[in-house]
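Please open the model in your viewer and keep the selection panel at hand, since each stop below names what to pick next.

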Amino acid sequence: MSSENVGIDYAAVLADLKAKRDRLDAAIAGIEAMLTATGAPSGSPGAAPAAGGSEVQPDSFFGMSIAEAAKKFLVMKKRMQTTQDIADALEKGGMTHTSGNWGNTVGSVLNRNNDFVRIKRGTWGLVSWYPGRKRTDKPKDGDSAEEGGEVADGDTL
């Protein structure tokens, strides 16, 4: 090691760089979520996740609603995910709840929100990823339609 490197705390420098990268990844994920929410193209759902931006951190979803956090998670992963994967990620990312069945709670929220589309039973994507897919409305008692149903039969990915 040369004499000019003496006294440099490389562990501290590395920790600082990683912290800055984490903040940039969080900012990128937030902007991607905003673009997705507005329908602007931000990448294809099958594309490989950006390096470092696809990992859920303990505070990734802290203070967010279920729908906001699920959107952010799907944007991070850039591909459809199962209800259970989404529920697990939200917990891992700092979302707290008192639900007796967290997966059912998450699935119910996604089903009622027009930003999400059910690709197949228990698997979700963002409507903006599948512009040709139509949501079908399920009839409920006294009404002709309910907000947020499954994808119409015959539609393909």
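A residue is called partly exposed when its relative accessible area lies between the limits for buried, under 20%, and exposed, over 50%. The model is a predicted one, and the tour begins with Lys-20, which at a relative accessible area of 40% is partly exposed. Now add Asp-16, with which Lys-20 forms a salt bridge whose closest N and O atoms are 3.3 Å apart. The two residues are 4 apart in helix α1, so about one helical turn separates them, and Asp-16 is likewise partly exposed, with a relative accessible area of 36%.

A search of the whole structure finds 2 salt bridges; for the other stop of this kind, select Asp-115 and Lys-71, whose side chains meet at 2.5 Å, N to O. Because Asp-115 sits in the loop between α4 and β2 while Lys-71 belongs to helix α2, this pair ties together parts that are 44 residues apart in sequence. Asp-115 is partly exposed at 28% relative accessibility, whereas Lys-71 is buried at 15%.

Next, turn to the interior. Which residues have the most contacts inside the largest nonpolar core? Select Ile-86, Leu-90, Val-106 and Phe-116, which hold that place in a core of 27 residues; α2 gives the most to this core, with 8 residues. Centring the view on Val-106 and leaving aside its neighbours within four places in sequence, you will find it in contact with Ile-66, Thr-83, Ile-86, Ala-87 and Leu-90.

Finally, select Ile-8, Tyr-10, Val-13 and Leu-17, which make a nonpolar surface patch of about 360 Å². Of these, Ile-8 lies in the segment before α1 and is partly exposed, with a relative accessible area of 38%.

Note on methods:
Residues numbered from 1 in each chain as written. Predicted model: local features only at pLDDT ≥ 70, side-chain atom pairs only at ≥ 80, totals over all residues. Heavy atoms only, no water. Patch = residues over 30% accessible without salt bridge, like charges linked within 9 Å, V, L, I, M, F, W, Y side chains within 5 Å. Areas by Shrake-Rupley, 256 points an atom, 1.4 Å probe, with all protein chains shown as cover. Salt bridge = Lys/Arg side-chain N within 4 Å of Asp/Glu carboxyl O. Buried < 20%, exposed > 50% of the residue type's maximum accessible area, 1.4 Å probe, protein only. Core = buried A, V, L, I, M, F, W, Y, C linked by side-chain atoms within 4.5 Å. Contact = heavy atoms within 4.5 Å.
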